[in-house]
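Got your viewer open and a selection box ready? Let's walk through the fold one stop at a time.

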Amino acid sequence: MSTDKTLIRGAKVLGGDQQDVLIENGTVAAVGTGLDPEGATVVEAAGQVLLPGLVDLHTHLREPGREDSETVLTGTRAAAVGGFTAVHAMANTFPVADTAGVVEQVWRLGKESGYCDVQPVGAVTVGLEGKQLAELGAMADSAAGVRVFSDDGKCVDDAVIMRRALEYVKAFDGVVAQHAQEPRLTEGAQMNEGPVSGELGLRGWPAVAEESIIARDVLLAAHVGSRVHICHLSTAGSVEIVRWAKSKGWNVTAEVTPHHLLLTDELVRSYDPVYKVNPPLRTEADVRALREALADGTIDCVATDHAPHPSEDKDCEWAVAAMGMVGLETALSVVQHTMVDTGLLDWAAVADRMSFRPALIGRLSGHGRPVSTGEPANLTLVDPDYRGAVDPAGFASRSRNTPYAGLELPGRVTATFLRGKATVLDGKLV
Ligand SMILES: [Zn+2]
């Protein structure tokens, strides 16, 4: 019996009609009803939703340098569990991914993992220091074929450097992904600036620190005729600026994280550092604006900003705790909870926001493709009726810093296929 032949039987493709999908030699060989299972491994999928493999534009895999929090192997295993077949690995590693050598190293580690494709993001500036452009062309021309450049974790705050980066990436159809945070306005910031920070006496991170950089950067992108992508939008004002830029026809895209679609700064009252993240959790009104913007397409995609940290960096006082949350293994459930079960998005739109769009923005080939004959079999099977509490002890990630521990969330990835090979089956890593 051939093992490279799989029949997914009776799945709702993109949430539509039930169909069989035959996978052969890494490719979708047929889509239809009553397909012949002869010689194939059969995956019974009645009642489940089949999506194109999810693509994350914003993942921190931590290798090289912080293997105590995550490695390319553990991070890609977490990605597969979450239904991802490709992730973009952010450049803020040690050493920083600011040369062809480092991005090729990360790219090669991804190839060896076999769980998920890893597309390295290149740093915009040398050492993420914001002073001197990194060798963007060399990273683009490397085996890793970098197209997304970001100093994420830090903002490219110098307008001249940002302008040069935007001009430079045009040569190879690249994009600059900005972590929008005006540094002077956020010095020592601990949480969202507002009534809650006032009550708690914590230094605030004002919305304007994000919005002012986004406003500047969409204008710069328009000025030089280049592409800019805004990382982790978190405020209603940011949504308005992106909406305005898009109405002008400028080449601006944006992402939102699952946690900014669900959680608010009220949670900081607990002083539990699991809620400490950058950009910070905002208000109920911001959450509402972000959900609406993802629904109407102003925000192009969901990106996890998966940010693993070891317990010693999180289980400590709020003031000294590291910022960030893991997100790969819970992203789809949070999106189902906030966007699908609320009626804001159907599954076809989830496929758009979590696969088609991010692959297009990252110029990734072979991912974010329709579920149809001849396409690479990068697929995710979801059971939307599943309900279960999040148990961090069961995570494939090396880190446990999730804000959802014990929370009941809907949906579960039951199978993930990377070029036809199951990386997850029956909800478990293969
Ligand atoms: Zn960031």
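Start by selecting strand E13 (residues 228–230) together with E10: the two pair in the parallel sense over three bridges. Remember as you go that you are looking at a predicted model. For a good landmark on this pair, pick Gln178, which stands opposite Ile230 in E13.

Now widen the selection to the whole sheet. Five strands form this open sheet, in the order E9-E10-E13-E14-E15, and the pairing is parallel. At the edges you'll find E9 and strand E15 (301–302), each of which pairs on one side only.

**The zinc ion**

Next, click on the zinc ion and show the side chains around it. Its protein donors are Asp152 through OD, His179 through ND1 and His232 through NE2, lying 2.0 to 2.2 Å from the ion. Along the chain, the donors follow the spacing D-x26-H-x52-H. Take the pair Asp152 and His179, which links distant parts of the chain, 27 residues apart. Asp152 sits in the loop between strand E9 (148–149) and helix H4 (159–169), while His179 sits in the loop between strand E10 (175–178) and strand E11 (191–192). Are these two buried or exposed? Asp152 and His179 are both buried.

While you're in this part of the chain, select Asp173, in the loop between H4 and E10. Its phi is positive, about 55°, although Asp173 is not a glycine. Asp173 is partly exposed, with a relative accessible area of 36%.

**Two helices side by side**

Select helix H7 (residues 236–247) and helix H8 (residues 284–296). Their axes come within 8 Å and cross at roughly 30°. An angle under 35 degrees counts as roughly parallel, so that is how H7 and H8 run relative to each other. To see what makes the contact, show Ala236, Val239 and Arg243 on H7, then Asp286, Ala289, Leu290, Ala293 and Asp296 on H8. Colour these residues by type and you get five nonpolar, no polar and three charged.

Then step back along the chain to Pro279, in the loop between strand E14 (252–256) and H8. A cis peptide bond joins Asn278 to Pro279, with omega about -5°.

**The other sheet**

Move over to E6, E7 and E8. These three strands make an open sheet in the order E6-E7-E8, with parallel pairing. Strand E6 (54–59) and strand E8 (117–120) are the edge strands, each pairing on one side only. From one strand to the next, the twist averages 20°. Zoom in on strand E7 (residues 84–89), which four bridges join to E8, and look for Ala86 opposite Asp117 in E8.

Now add helix H11 (residues 347–361), which lies across E6 and E7 and runs at about 55° to E6.

Two local features are worth a click here. Pro64 is in the loop between E6 and helix H1 (72–81), and a cis peptide bond joins Glu63 to Pro64, with omega about 5°. Arg363 is in the loop between H11 and strand E16 (379–389). Phi of Arg363 is near 55°, a positive value in a residue other than glycine, and Arg363 is partly exposed, with a relative accessible area of 36%.

**Last stop: H10**

Finish by selecting helix H10 (residues 331–340) and turning on a surface. Nine of its ten residues are buried, so H10 is largely enclosed by the rest of the structure. Among the buried ones are Leu332, Val335, Met339 and Val340.

How values were computed. Residues are numbered from 1 along each chain as its sequence is written. This is a predicted model: local features need pLDDT of at least 70, side-chain atom pairs count only at pLDDT 80 or more; totals for chains, interfaces and linings use all residues. Side-chain values use heavy atoms; hydrogens and water are left out. Donors are N, O and S atoms within 2.8 Å of the metal (3.2 Å for Na, K and Ca); water is not among the atoms, so sites may look incomplete. Buried means under 20% relative accessible area, exposed over 50%, partly exposed in between (1.4 Å probe, protein chains only). Two strands pair if DSSP finds at least two bridges between them. Axes are lines fitted to C-alpha atoms, for helices over the stretch in contact, and angles run from 0 to 180 degrees between N-to-C directions. Contact means heavy atoms within 4.5 Å. Angles under 35 degrees count as roughly parallel, over 145 as roughly antiparallel, 65 to 115 as roughly perpendicular and the rest as oblique. Ala, Val, Leu, Ile, Met, Phe, Trp, Tyr, Cys and Pro count as nonpolar, Asp, Glu, Lys and Arg as charged, and the others, Gly among them, as polar.
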